Amino acid sequence: MTRRALVIGGSLGGLLAANLLRRSGWDALVFERNGEDLTGRGVGLGTHPQLTAVLRRAGIAFDETMGIKVPRVVCLDRTGKIMIEQPSARTMTSWSRLYRALRSTLPARDYRLGKKLRRIEQDADGVSATFEDDSRERGDLLVGADGIRSTVREQFLPRVQPVYAGYVAWRAVLDEARVPREAHRDIFELYTFCLPEGEQLLGYPVPGHDGDTVAGRRRYNIVWYRPADSVALDDMCTDASGRLHSGGIAPSLIRDAVLAAVKADAEALLAPQLAEIFLRSEIFFQPIFDLESPALAFGRVALIGDAAFVVRPHVGAGATKAALDAMVLADCVGGRDMAGGLGRFESVQLPFGRDMVALSRQQGAYLSAQLKPVAQRRGDEWHRDVAALLYAHGTRSDQIGEIVAARGLDAYF
Ligand SMILES: Cc1cc2nc3c(=O)[nH]c(=O)nc-3n(C[C@H](O)[C@H](O)[C@H](O)COP(=O)(O)OP(=O)(O)OC[C@H]3O[C@@H](n4cnc5c(N)ncnc54)[C@H](O)[C@@H]3O)c2cc1C
């Protein structure tokens, strides 16, 4: 009889898990708490060969319609002059482009919207999921792909909580047609860094609203990391009515004063090309968190993606890690011995997740260190060195490849 997997969370990790489990002979259904399709959400996303290899296994050819190649990486000074540049082989895409491609591989009836998980129960014969609408589903395996605030993880590891890293990422995205002509000429096609004191900004082109990678219909994406202690963060996450949105505030609720302050800083601190794009964009911010789970398998339940480990965005590998989790899980539970398979999954993906988190922490260390006294943050400042930053950009996929090889994931490709 075909075994049934309940996948909680309909983002990239959940979609990949459902796709690959189905290819391993499972019937897999996805349950997403949002009531509406997520296509309009998300902005830029870095890719790596490891991600494209898993996508190929999921039946998605990563061709030129999927992302935009950036031929060079540069760092601009405050006046907009290029301080340093080198070739780049990175391909940038958008969250929604990947989401759209993955959604199209799953029958619509098996992707259930408006299904917020409340509770899991399991016994020797199966696992049951109860949703907020009081409906219930039963399966042989449950995959927790429900992100950083995972309800699945909360049930099995209630003490594991995201830890604020001490800085936020301001995000900006602008249609190519609205990018000022000079900024477009200077940087649109490039991967661009700018390093205000104690901060880091990067910008790159991404597919347009409808996933289009054709020139003229793309968008420009900015990520600007800025230190903020927890008092400042609480203020930024407080809406105009005085309500605090711990963990992150919806873009539409960010107070005008907070937006005005970051825009003034953009004019004062950024290279003019980047400031102009930032000021014309829809902007919002995301606090950066670390999260590490000490276990990934609980009876018939497995954690993958951001529910298991959150990799800070410097490595550009949140989607890549979720893809590798999904691939290893699907392979491990392909045989009849599910308990043994889940044990193998955990023994491979736990150390892999820890290594990925460590790599991303190292890259963000100097941003976290900005809240420390000057003498204590010297050691972390190395990661702000321009040459080191560009070197890390160029070798990122190799670093991930080394972790993949060291942890034995090569065997799963
Ligand atoms: C809407 C969205 C946009 C994003 N945009 C970007 C981006 O632009 N750039 C980038 O680098 N990364 C982005 N990310 C994060 C990136 O997608 C993740 O790192 C990557 O997808 C791996 O995470 P994941 O699939 O494990 O979890 P996530 O992507 O966080 O997805 C978790 C999913 O689970 C759902 N969920 C949560 N709780 C429940 C519950 N109780 N019941 C049912 N469903 C639940 C959430 O609604 C969400 O869809 C985005 C994530 C989301 C959800």
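This is a chat about helix contacts, salt bridges and two loop residues in a predicted model.

Reader: I'm new to this one, so let's start with helices. At what angle do the axes of H2 and H9 cross?

Author: The axes of helix H2, which covers residues 49-57, and helix H9, which covers residues 318-332, cross at roughly 45° and come within 9 Å. That angle makes H2 oblique to H9, and the crossing of the two is left-handed.

Reader: Which residues make that contact?

Author: On the H2 side the contact is made by Gln50, Leu51, Val54 and Arg57, while H9 brings Ala319, Thr320, Ala323, Leu324, Met327 and Asp331. Sorted by class, the contact of H2 with H9 has 6 nonpolar residues, 2 polar and 2 charged.

Reader: And H9 with H10, are they roughly parallel or roughly antiparallel?

Author: The axes of H9 and helix H10, residues 338-368, cross at roughly 165° and come within 9 Å, and H9 and H10 are therefore roughly antiparallel to each other. The crossing in which H9 passes H10 is right-handed.

Reader: What does H9 use to meet H10?

Author: From H9 there are Lys321, Leu324, Asp325, Val328, Leu329 and Cys332, and they meet Gly341, Leu342, Arg344, Phe345, Val348, Gln349, Phe352, Gly353 and Met356 in H10. By class, this contact of H9 with H10 has 9 nonpolar, 3 polar and 3 charged residues. Leu324 of H9 also takes part in the contact with H2.

Reader: How about H1 and H3, what's the angle there?

Author: Their axes cross at roughly 25° and come within 10 Å, and H1 and H3 are therefore roughly parallel to each other. H1 passes H3 in a left-handed crossing, and the contact is made by Leu12, Leu15 and Leu16 of H1 together with Trp95, Leu98, Tyr99, Leu102 and Arg103 of H3. The residues of this contact divide into 7 nonpolar, no polar and 1 charged.

Reader: Switching to charges, how many salt bridges are in the whole structure?

Author: A search of the whole structure finds 24 salt bridges. As background, side chains of opposite charge can pair when their charged atoms come close.

Reader: Give me one to look at. Which residue does Asp110 pair with?

Author: Asp110 forms a salt bridge with Arg22, and the closest N and O atoms of the two are 2.9 Å apart. The pair links distant parts of the chain, since Arg22 is in helix H1 and Asp110 is in the loop between helix H3 and strand E8, 88 residues apart.

Reader: Is Asp110 buried or exposed?

Author: Asp110 counts as buried, because its relative accessibility is 7%, whereas Arg22, at 25%, counts as partly exposed.

Reader: What about Arg112, where does its partner sit?

Author: The side chain of Arg112 meets that of Glu137 in a salt bridge, at 3.4 Å from N to O. Arg112 lies in strand E8 and Glu137 in strand E11, residues 136-139, so the pair ties together parts that are 25 residues apart in sequence. Arg112 is partly exposed, with a relative accessible area of 26%, and Glu137 is buried, with 18%.

Reader: I also see Asp134. What does it pair with?

Author: Asp134 forms a salt bridge with Arg118, the closest N and O atoms being 2.7 Å apart. Asp134 is in the loop between strands E10 and E11, and Arg118 is in strand E9, 16 residues apart. At 58% relative accessibility Asp134 counts as exposed, while Arg118 is partly exposed, at 37%.

Reader: Which residues are joined into one network by salt bridges that share partners?

Author: Asp290, Glu292, Arg312 and Arg361 are joined in that way.

Reader: Back to Asp134, what is its phi?

Author: Asp134 has a positive phi of about 75°, although it is not a glycine.

Reader: Last topic, Thr213. Where is it, and what is it in contact with?

Author: Thr213 lies in the loop between strand E15 and strand E16, and this residue is buried, with a relative accessible area of 19%. Leaving aside its neighbours within four places in sequence, Thr213 is in contact with Glu64, Thr65, Met66, Gly67, Ile68, Pro207 and Arg218. Thr213 and Met66 are 147 residues apart along the chain, and their C-alpha atoms are separated by 7.3 Å.

Definitions and conventions:
Residues are numbered from 1 along each chain as its sequence is written. This is a predicted model: local features need pLDDT of at least 70, side-chain atom pairs count only at pLDDT 80 or more; totals for chains, interfaces and linings use all residues. Side-chain values use heavy atoms; hydrogens and water are left out. Axes are lines fitted to C-alpha atoms, for helices over the stretch in contact, and angles run from 0 to 180 degrees between N-to-C directions. Helices (H or I, at least four residues) and strands (E, at least two) are DSSP runs, numbered from the N terminus. Angles under 35 degrees count as roughly parallel, over 145 as roughly antiparallel, 65 to 115 as roughly perpendicular and the rest as oblique. A crossing is left-handed if the near helix is turned anticlockwise from the far one by less than a right angle, and right-handed if clockwise. Contact means heavy atoms within 4.5 Å. Ala, Val, Leu, Ile, Met, Phe, Trp, Tyr, Cys and Pro count as nonpolar, Asp, Glu, Lys and Arg as charged, and the others, Gly among them, as polar. A salt bridge is a side-chain nitrogen of Lys or Arg within 4 Å of a carboxyl oxygen of Asp or Glu. Buried means under 20% relative accessible area, exposed over 50%, partly exposed in between (1.4 Å probe, protein chains only).
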